[in-house]
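Student: Got a minute to go through a model with me? I'd like to start with confidence and then look at the packing.

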Amino acid sequence: MRTVSHASGFRPGRPLPPEYPLDWKGDMTCSTCHLPHGNQAGLLRGTKRGKDFCLACHTPEFFSAMKDAGASIVESGHLQSSDADRGLDGLDSYSLNCMRCHIGKSGKAAPVSVGMNLLRHDGGRINHPIGSSYREAAKFGGYRPVQRLSKKILLPGGRLSCLSCHLGYSMRHGQLVVSNNRSALCFECHEK
């Protein structure tokens, strides 16, 4: 899913080190960071990994300007999902990745498990379940049909996820997929 991965198909704003080549148009592509025919872990170019890999092209200021100092995107340029990764209450691997840092912490954006296949935000006015099947919930009424949802609303495995409302790979940690001005994000799924 491109929306949960490092951006590609653009011209970088500054020169990259020679070991990270651009395509013939001068754009960054998957092969800028990956060797298509390599055999090392992740097919990554060079020997740097983790934050050091990111710092080969990005400045430390790029990450320090982020609310979470880039922790949410430095760990991996791609958030991966597979049914084998389903865990706690059937959550998708994207949400599980979010939970590793957020669960059990206080604050309005900290999710907390309430059982019965739900995790909800706590400490604030937002109280939204994840881990539930969207189609099953829609059977009770009050939801837009899944085929009418915006392409920005992701439902990994057909379930509500952190990625249903938040961008998975963004410079602004926790950024919403669409503005919630006048409850616009809510009305992407819920009937008015």
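**Confidence and packing**

Tutor: This is a predicted model. The chain averages a pLDDT of 77, and 74% of the residues score at least 70.

Student: Which elements have the lowest and the highest mean pLDDT?

Tutor: Strand β1, residues 111-115, has the lowest mean, at 52. Helix α8, residues 186-189, has the highest, at 92.

Student: Where does pLDDT stay under 50?

Tutor: Over residues 81-85. The model has seven contacts beyond four places in sequence for that stretch.

Student: How should I treat low-scoring parts?

Tutor: Where pLDDT is low, don't read the predicted coordinates in detail.

Student: OK, packing. Which residues make up the largest nonpolar core?

Tutor: Nine residues: Tyr134, Leu149, Ile153, Leu155, Leu160, Val177, Val178, Leu185 and Cys189.

Student: Take leucine 155. What is it in contact with, leaving aside neighbours within four places in sequence?

Tutor: Tyr134, Val146, Leu149, Leu160 and Ser164. Of these, Tyr134, Leu149 and Leu160 belong to the largest core along with Leu155.

Student: And what does the second core include?

Tutor: That one is separate and has eight residues. Among them are Tyr20, Leu44, Ala56 and Cys57.

Student: Switching to rings. How many aromatic pairs are there?

Tutor: The count comes to three. Take tyrosine 20 and phenylalanine 53: their ring centres are 5.6 Å apart and their planes are at 90 degrees, so the pair is edge-to-face.

Student: Where do those two sit in the chain?

Tutor: Tyrosine 20 is in the segment before α1 (30-33), and phenylalanine 53 is in helix α2. They are 33 residues apart, so the pair links distant parts of the chain.

Student: Buried or exposed?

Tutor: Both tyrosine 20 and phenylalanine 53 are buried.

Student: What about tyrosine 134 and tyrosine 143?

Tutor: They are an edge-to-face pair too, 5.7 Å centre to centre with 75 degrees between the planes. Tyrosine 134 is buried, at 2% relative accessible area. Tyrosine 143 is partly exposed, at 28%.

Student: Now the cysteines. How many disulfides turn up?

Tutor: Zero, searching the whole structure.

Student: Why is cysteine 30 in no disulfide?

Tutor: The nearest cysteine sulfur is that of cysteine 33, 8.7 Å away. A disulfide needs the sulfurs within 2.5 Å, so cysteine 30 does not qualify. Cysteine 30 is also exposed, with a relative accessible area of 55%.

Student: And what is the nearest cysteine sulfur to cysteine 33?

Tutor: That of cysteine 57, at 6.1 Å, and cysteine 33 is in no disulfide either. Cysteine 33 is buried, with a relative accessible area of 16%.

Student: Where is the place of cysteine 54?

Tutor: In helix α2. Cysteine 54 is buried, at 17% relative accessible area. Its C-alpha is 9.6 Å from that of isoleucine 73, and the two are 19 residues apart in sequence.

Student: Last one, lysine 51. Which helix does it lie in?

Tutor: Helix α2, residues 50-55. Lysine 51 counts as partly exposed, at 41% relative accessibility.

Student: How far apart are lysine 51 and glycine 70?

Tutor: 19 residues in sequence, and 9.2 Å in space, C-alpha to C-alpha.

Notes
Residues numbered from 1 in each chain as written. Predicted model: local features only at pLDDT ≥ 70, side-chain atom pairs only at ≥ 80, totals over all residues. Heavy atoms only, no water. Core = buried A, V, L, I, M, F, W, Y, C linked by side-chain atoms within 4.5 Å. Buried < 20%, exposed > 50% of the residue type's maximum accessible area, 1.4 Å probe, protein only. Contact = heavy atoms within 4.5 Å. Helix = DSSP H or I, 4+ residues; strand = E, 2+ residues; numbered from the N terminus. Phe/Tyr/Trp six-rings, centres within 6.5 Å; stacked < 30°, edge-to-face > 60°. pLDDT = per-residue confidence, 0-100.
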